[in-house]
Amino acid sequence: MSEKSLSANTDESSSLKVDQYVADAFEHRMQDHTLKQTLSVYPDHDRAGLTGQIEALARRLDSLIEATNKAREPLSLDVMLIRLVALITEAFDADRSSLFLYDADSDELFSRVAQGELVNEIRFDASSGIAGAVFRSSQTLIIDDAYTDPRFNHEIDLATGYKTQTILCVPVSTRTGDVIGVAEVLNKRDDTFSDADSALLRAFTTHMAAALENIQLTERAQVSIREESRIMEVTQAISSELDIDRLLRKIMGISTELLEAERSTLFLHDPVTDELWSRVAEGIKSKEIRIPSNAGIAGEVFTNRDVVNIPDAYADARFNPAVDRETGFKTRSILCVPVINKHGIPIGVVQVLNHKGGPFSARDQRRLEMLSAQSAIALDNARLFREVLDERNYSENVLRSLTNGVLTFDTRQNVVKINDAAAQILKRDPQRILGANAATIFNGKNGWIVDSLSKVSRTKRADISLDSEIVTITGEALSVNLNLSPLIDSVGDLLGSTMVIEDITSEKRVRSTMARYMTREIADQVLEHGEAVLGGRSQLATIVFTDIKDFTSLSEQIGPQETVSLLNEYFTEMVEIVFAHHGILDKYIGDAIMAVFGAPFPSPDDADNALRMAIEMQKALQRFNKKRVTVSRPAVKIRIGISSDQVVAGNIGSDKRMDYTVIGDGVNLAARLETANKQVGTELLISGMTANLLHDSYHMRELDLIRVKGKANPVPIFEVFGYGNDPVPELKARLLSRFSKGLQAYRQRDWLAASRHFASAVEIDATDGPSRLFLQRAEHYSEVPPADDWDGVWTLYAK
């Protein structure tokens, strides 16, 4: 085997000059003085030979350029590939040549070959053989003996009877260096391939790369247009066909055509028998097929919701060849995708057999997934249509069972129907209302309803009145949502009107109550989801406890009346901040506030909302204290503890009184962290789980590991002192650095180093509680070391 690169000639400089000339010729078409300048570096006895070689090469290049210009006429990719192959074969006086382009969707190299009047496509893996090696490496190969190269596939010669001897293979590169394929020339008739041949072929293919790319893009656009046309057919089928069998046959026919397959089958799931069944299988007589929902390839796809793409069915153990034996059909390749409805529930699978161009590609998979989604929509539409037909038979029962009041009127505004709920809301005898005119039923303060009915009749448009008032004949005022809609026949004429009355009096009362401890938005969500959301359920939440520092002494100092006034002003300020950050007020505990984030509706930002609320509380408290100082009242300080954990949330209490609250270890830990501030000398502590849930940046330092009573695993706690974008004073930064080094030494049981670092932190700020506390601990342990199994957990305040 002889394999050589472009620089493999004895005179490397000569080869490079020839190669450079070929590249430049496409750009400049070198002038005589340029050629003379190029050859001036060579000895006199070499110039004549080089001049002859370059002139011969230039003539070949001119011929190729001229032929290339002719090939730039608007052509299909099939014709372009065939023409270029013919030009290359002739220009290099070779037996054969091939031009392969890269398909990124399938990671394959492909070419189009003329066979009689047909054009067949050849595809193979982009790393396979000599062409794959050139494509992956972007390096030209000249092979003088193909059979000595292990990358050469001998089977092709055996199958065709052709004898491959020499090979020239170059990457097809754009002017920006992107490789889009390879060109391969076989068996030069009079000689072996030279470096000049490789340079010429590479320059020629580079020259043609732009044209090839443009034609590929055009072909892809045409394919996309055809696909969109098929999608439109599917959409039209869905909108016009409600018979499920006919509809799905049409969809499967389009999918078979679009994916260039031989057969398609749609299996639907029967939840009663837990089977997959089908009456829509192309090539099989109209009989129902049923298989267990977990059997075979279709069952695997249905159960796992994963796409299965099998290039060789008989080589896959999951394939059951018995069906082929029974039907006489030969299955080669299989593509099977799940059909999933809008709720994310699998309702069947679509299976397509035997792609005509070989195995199914990634693009085929995307097409079939799209079609399966359309099938799911079709099934939903057909199901809804059947349900509408069924529901029509029960309309009277439904009308009676509605909790909302419903009345229907004819075009003269006389009552045609009234359900029991409407009679109860209006506190009227339904028999006396039937046939009565709207003006006699809704008069006085209710006269606006007649006006609304007239508007609906005149405009043929619905009229909705939210949170309006109706006065009953007993004088009771009700809050209602009133929806008036026109009844229109098939030709657009008015048949009458429908009135739906929703009594929201109780709901409005409940909303008013809930607004005292949660925002209006959360209250609306609770009402929308119903009482079930307030039942007991386990969920992740973030709990906040705040407490006024030294409140007992403060209340004794200012007296009972001033204490009540202080608490009312303080709670008003703080609760607004809770609501502004999407929290709910769980309860007041004396001077303490318990707030919850994530219940009853969790969100990814619950921990951030809780911490932002705490920081804003501290800022609001500063403004609050400024006002108090101006009127000679004592300032207020607060401590805050925050923890996140799984809690049980729901209405808890007795039959006579219930409160929506949360219980669990996270609640207890938040309360303990609030108390721990006093012992550590801090104002805002959060648990490690809360810290892990944060998305935004904050200034914080890890303080300690505590073990909560009854729990084996210690919990890390952190002090927070501002947002991440807040400036940190230089002294504070130095203190935090000393403390961090001290904590590291402390946990390594290096008591002397820990004491030194903590003492340095205390020198920077003698009021820093954590530094003073850990200095005491380190000095204590230096005198009385802990046991060997000491894990760094301090249990002083975790009782």
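This section describes the nonpolar cores, aromatic pairs and selected surface residues of a predicted model.

The largest nonpolar core comprises 40 residues, and those with the most contacts inside it are Tyr570, Leu611 and Ile642. Eight elements are named as contributors of at least two residues each: strand 19 (537-548), helix 19 (551-558), helix 20 (560-580), strand 21 (592-597), helix 21 (606-630), strand 22, strand 24 (684-687) and strand 26 (715-723). Of these, helix 21 gives the most, with ten residues. A second core, separate from the one above, has 28 residues, among them Leu87, Leu168, Phe204 and Ala211. In soluble globular proteins, nonpolar side chains tend to be buried together.

Strand 22 spans residues 638-653 and contains Val648. Besides supplying at least two residues to the largest core, this strand holds a residue of a nonpolar surface patch, which is formed by Val648, Ile652 and Ile663. Together the three patch residues have about 230 Å² of accessible area. Val648 counts as partly exposed because its relative accessibility is 39%, a value between the limits of 20% for buried and 50% for exposed residues.

The structure holds 17 aromatic pairs. One of the pairs is formed by Tyr746 and Trp790, with an edge-to-face arrangement, a centre-to-centre distance of 5.5 Å and an angle of 85° between the planes. Tyr746 belongs to helix 24 (residues 730-747), whereas Trp790 lies in the segment after helix 26, so the pair ties together parts that are 44 residues apart in sequence. Trp790 also pairs with Tyr781; the ring centres are 5.5 Å apart and the planes lie at 65°, so this pair is edge-to-face as well. Tyr746 and Trp790 are buried, and Tyr781 is likewise buried. These three residues are part of one aromatic cluster, which is formed by Phe739, Tyr746, Trp751, Phe758, Phe774, Tyr781 and Trp790.

Thr767 is located in the loop between helix 25 (751-764) and helix 26 (769-783). With a relative accessibility of 61%, Thr767 counts as exposed, because the limit for that class is over 50%. The side chain of Thr767 makes a polar contact of 2.5 Å with the side chain of Asp765. The C-alpha atom of Thr767 is also separated by 8.4 Å from that of Gly681, a residue 86 positions away along the chain.

Methods: Residues numbered from 1 in each chain as written. Predicted model: local features only at pLDDT ≥ 70, side-chain atom pairs only at ≥ 80, totals over all residues. Heavy atoms only, no water. Patch = residues over 30% accessible without salt bridge, like charges linked within 9 Å, V, L, I, M, F, W, Y side chains within 5 Å. Areas by Shrake-Rupley, 256 points an atom, 1.4 Å probe, with all protein chains shown as cover. Salt bridge = Lys/Arg side-chain N within 4 Å of Asp/Glu carboxyl O. Helix = DSSP H or I, 4+ residues; strand = E, 2+ residues; numbered from the N terminus. Buried < 20%, exposed > 50% of the residue type's maximum accessible area, 1.4 Å probe, protein only. Polar contact = N/O pair within 3.5 Å; in protein donor to acceptor, adjacent residues only side chain to side chain. Core = buried A, V, L, I, M, F, W, Y, C linked by side-chain atoms within 4.5 Å. Phe/Tyr/Trp six-rings, centres within 6.5 Å; stacked < 30°, edge-to-face > 60°.
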